Structure formats: structure tokens, C-alpha cells
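Q: Please take a close look at one part of this model and describe how its pieces are arranged. Plain wording will do.

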Amino acid sequence: MRTRTHFRPDPLTTVRNLGILAHVDAGKTTVTERILFATGTIHKRGEVHDGTTVTDFDAQERARGITIFAAAVSCAWDGHRVNLIDTPGHVDFADEVERSLRVLDGAVAVFDAVAGVEPQSESVWRQADRHGVPRLAFVNKLDRAGADLDRAVASIRDRLGAVPLVVQLPVGREDAFTGVVDLLRMRALLWGAGADSYETAPVPEALREEAERRRRLLEETVAGLHSDALEEFCSAGSLGEATLVRALRELTLAGDGVVVLCGSAYRNRGIEPLLDAVVAYLPSPADMPAVQGRPADPAEPLAALAFKVTATATGRLTYVRLYAGTLRRGDTVLDPGTGRTERVGRILRVQADRHEEREEAVAGDIVAVIGPKAARAGSTLCAPGAPLLLEPPTVADPVVSVAVEAARSTDTGRLSAALARIAEEDPSLVVRTDAETGQTVLSGLGELHLEVAVEKIRRDQGVEVVVGRPRVSYRETVVEGVSGLAYRHVKQDGGAGQFAHVVIDVEPLGEPGFAFRSAVVGGRVPQEYARAVEAGCRDALAEGPLGGHPVTGLRVVLTDGATHSKDSSELAFRAAGRFALREALRASTLELLEPVAEITVTVPDESVGTVLGDLAARRGRVTGSVTRTGTAVVTATVPLAEHFGYASRLRGRTQGRGTFTTRPAGLAPVPAAVAATLLAAR
């Protein structure tokens, strides 16, 4: 057994910053809770179904039984400090995962041993791929009926394109699962009924042959990926434990392989070996490349990134990751994005909803600070004498909107302030005023996302809110463009005039987005004016001619133009670009696009026909169907506009036995008849 240790100022090599990633209900929060228990951070295990876990501390999380907000905790294991972020598993809160992954060095991806890779576990895996975050895989719930480690590993290989490096073999199946065989040290780790720790034992005789076969397979796989391991394997015919551990770490850091462990977090089995693997294989801040030329050194000038902002009874908390330097209480920091300096009044080590005061934080730390008033998620905080700007996390575009208003006119001001606050805390929430109706519109990533936001306003601010029917965010795209459209912008109202002449082609891009290219020769339109034309074209994308929706999926080519020696300016060419593209779009053939989502429905066998009929009525396109013991899993692509109210409809049609999950699947053309109805309703 590893010994439990307490916090002390640790070298960077003994720090691990990691996230726990998973599909909803894979057991991610339970894994986090058991890690806190195993490390002695808490002395009583909490349960998700009882609403007593440390990281799901928000009232809505406990009521709904899911993680909604990313929660940070710290613990210690084997002389290492582990900073953990428990992230949401529901698709509507994927932006919380994105902001967390931006500041993490590693992650543990949790998979259900029955379901394997599920839609949202695939989505968060791709998010981690984009950020280059090294991962371990933990196959959870091996005590469940139908649990199968090999099937889960196959889904990791097939659906994620990863190379799984399985280092454990289960001892017992389903209810009889009692431990694992450690394939590196060829020993059994066994947990007795109700035991909080494991006992080591020889590999059970019934599993010895299989364990040796799997150890050999692990060695062969590692040798095929790691040159030093291959050399030893060829010369000695096998790999020693030290070589295997070193190769597994290097493969993990390079993203060339994923170490796979297994267990049952609910039964407290497999957590200590998982912590050992975190320490052995995941990177420390010292292993990460320098940020903007600044290494992870407390002696360097400060470089930190704010990734989360919350308002609490303690004050306005800004969560930051320090990449370089040291931050002390009372320091003045610069936000280079705004040019504003702010004072750090307090520094807090965060334990979910509890905080521990600290005098300073150093490179590699994840802490919360009180004092900055203007910092937002994505803001850089740095030393005023050594400014730099870090890349902020990306923010997903909203796809669902609702109109909101205060139930009492006297609460209108309070509602406006509350909306501004939640939009500040969650950048994926957007608040705007509808120009036509004057209504306040709240937009987010899904129906549940908006429900949670509205309930937070009601609970935290005491404002009763009236919510309209959800609406999706449509887009317009070019199907057939135009060539040679000329536009001359001339304005003379006293003093210096405005003159700009542009000729543009508009063509489909073939994918969401916008592209601009200048093909003007001979200097007829200088480069600075061409950039102004591009800016004007981007202005014109805000409203399309079909229904006033944003336009996407087109390329604009500036082919010709003319200038005036006195009256031409960037302002004039920007206006010309805006008006030219508006005219070009009116002359082009456009179609309406709508957001679609992949929906995975799990229902009893006898309900499959009913569910398929309902999906067809919602304009769904079935893409797959798999039958398991007594249940069927149906996958379909369904317009997001048809998702509203589906949860209650599914419960009613399956007597409460059906469940479903969704994930975004991009944009798709709206059928002509449906588009005509939508546009006529405007």
C-alpha cells in the first residue's frame, strides 16, 4: 500500500494537474469521491444518489444527480500533490469541460464497463485530443451485470482510434469481482467485502495462464511502439518492469498509447492502483513545454490564465492556472487583454465549495483568487513588467434560445443584473435583446443548459422568471453563388468624401465557416483596403436575406476594384465590402441550415417500434441499432428543434424505462417544406 501524505511545498515534478472525464453516469464523480477518500482528504465516502459527494455541491447537481459545474479539489498521494477537476459529463455543459482541459496537464477518462465508449465520452476524448492532453483510461463498474473489460477496451480502440495498453486483468466477474491482477508486477490486488484497502496476493492459479498471455501481449504492443523497449525485447525476449514502466510513461506523454486500468469505484476497488498510475504515467508541470517562452519556474515572471469565474458568499472567485512565476497576496497583476491592472486580495486553495487561505501560489498551481473585478474566463494575468497574452479557451456558439422576462415588472432591473452575472460566469451563455420584439433572449448549448441557468437566477437572486418556448439558432448558406458583382460606394456630404469600388465573386465553401481571398493584381486595391473589404464582408454575415439568420459556408473572392486618390479609405472599402456582399447574397441561391444532434436511445426491446416511429415523426434519421440483453440501443440524427420535450415523451412511451443522450452533430439543410413554414412565420 502507498502511504497517505499531507501538503507541503513540493517540487514541480511532484505535482499532477488532471481532470476526470466521462459520459454522464459512467461514474466519474464517484471516482473523484473515492480518490479523496483513498488519499485521506475526506473520512466518509459520499454518494451521488444521496447528494453527499464533495464535488457535486450545488443544489441543482444534488437534485438532478449529475455534474453541472466543473469542481476543483486537491489531495496528496505518495509524496505527490494531485489537483483534480471533476468535469460535467452532459453534452449541454461541454464548455465547462473545454475550459478545464485548457489548463490541465493530464486526464483520467472513465468508461462504463457495460456500455464502453458512449457518445459524450467520445466527445470529451476529442476535446482532449485537440488540447494534446495525455490520458489514462479507467474502465469502471466491473461489478455490474454484463460488464466486460475486453469489450470496453475494443470500443476504445475502434471508436477512439487509441492504442490501449491494458495493465490489469479483473479477478472475478460482475458481482464476484474482487480485485485485479497487476500485469506489471504479476501479483493480485484483492479487496475484501467492505474493505477500504487492498491486500496483495499471488496471481490465482486459474488466472495465471491468462495473466501471462496478457503480459506478453502488453510487452509486444509496447515494443512495437517504443524503440528502447523494442531493443530490449529483441535482445532479451521480454521486457523488465523498469523498462515497461518507463516506456508506458513516455508513450502516454507522447499520446502514442493509453494505459488502461479497471475497477469498481462504487465498491472502492481499483482506486489506489489508479492513483499510482496517475503518479507514474501522467505529466507534471515540469514535463510541459514552456508557455510563450516562459518555463514552469516560480522564479520566472508571472504567467497565469483565468478559466472560471464564480460569485460566492466569499466574494467573486477567479480560478487561475499558474504556468510560470509566483503570485503573492497583495500583488498587482496585469490583464493584457484590457490593459487593466488589478490587485489580488486573497489566494485560496479550493476544495470544491470550501477554501483554504494561502499566502502565495507558484507555477503549476491551480487556485482561486479574490480581488480582480474585470477578469473573465480566458483572461491572462501576468506581471505588469513582463506582459504576454495566453490563448484563451474556445467558446462554443449557442444553439438554443429562450425569451426571458421578470414575472414582476419591479424585478426587471434585478433580472438584467442576474443575466449579466451568469453570462460572466459562463461564456457559453449569451444574453441579447431581440431587435424586432424587444424581448430579452438567453441563448445556450441546450435545453438543460438554459433550464439550469434560469433556475440559478430564481434560486440565487430570488427573481421569478417567465420563460418562452425554446428556439434553435438557424443559419443560412450559399448553394449557388454569383460572379463579377460590382459595387461602387460613393458618399459626399461636405469635407472629405468616401469612394470605394469593388468586384467580388461568391461561391459555396462546402463546410461551415467563411473564407476570403484577394485576387486583385496590379495594385488596383491595396492590401490594407482588401483587409477592410474582408471586414465589411464579415459584417454582412450577421444577417442573411432568407430570414435574417447568420450566414455561413461561403467564400468571397475580391477580383477587382478601384480607388480615389483623396476619397478612398479603409472605412469606405469596409462599407463597400458590406454592401457588396449583401447584394451578392440576395442574388445567390441560399438554403436554411439547422443544428442537428446525434441521439442515442436505450429502450426495452418491446418499445423499439414505438421509439423508431417517434424518431421518424421528429424528422430523425436512424444511423444504427444494437441489441443487448433485453434492451436495444438506437442511434439517430435528429434536428435540435425536434428535441424539445423528448425526455417526457420517451418516459411516457417506455413506462419510464427509456433513457437517451445527445451530442452536437453540426448543421444540416432544412427540408424545403419545413423551411417555407419557418420563413413564413417570421
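Q: In what order do the strands of the open sheet of 7 strands lie, and what is the pairing?

A: This is a predicted model, in which local features need pLDDT of at least 70 and side-chain atom pairs count only at pLDDT 80 or more, while totals for chains, interfaces and linings use all residues. Residues are numbered from 1 along each chain as its sequence is written, and side-chain values use heavy atoms, with hydrogens and water left out.

The open sheet of 7 strands has the order β2-β3-β1-β4-β5-β11-β6, and its pairing is mixed. Strands here are DSSP runs of E with at least two residues, helices are DSSP runs of H or I with at least four residues, and both are numbered from the N terminus. Two strands pair if DSSP finds at least two bridges between them. In general, strands of a sheet pair through backbone hydrogen bonds, either parallel or antiparallel.

The edges of this sheet are β2 (71–77) and β6 (164–166). Each of these has a single partner strand, so one side of each is left without a neighbour in the sheet. Neighbouring strands of the sheet are turned by 30° against each other on average, direction ignored. For such angles, axes are lines fitted to C-alpha atoms, for helices over the stretch in contact, and angles run from 0 to 180 degrees between N-to-C directions.

One pair within the sheet is β4 (residues 106–112) with β5 (residues 135–140), which run in the parallel sense over 6 bridges. Within this pair, A109 has A137 in β5 as its bridge partner. Helix α9 (residues 271–281) packs on the sheet and touches β1 (15–22), β2, β3 (80–86), β4, β5 and β11 (258–262); contact means heavy atoms within 4.5 Å. The direction of α9 makes about 170° with that of β5.

For comparison, there is also an open sheet of 4 strands, with the order β28-β29-β32-β30 and mixed pairing. Its edges are β28 (482–491) and β30 (514–518), each with a single partner strand, so one side of each is left without a neighbour in the sheet. The twist in this sheet averages 25° from one strand to the next. Here β29 (residues 498–508) and β32 (residues 554–562) pair in the antiparallel sense over 8 bridges, and E507 has R555 in β32 as its bridge partner. Helix α12 (residues 527–540) packs on this sheet, touching β29, β30 and β32, and its direction makes about 155° with that of β30.
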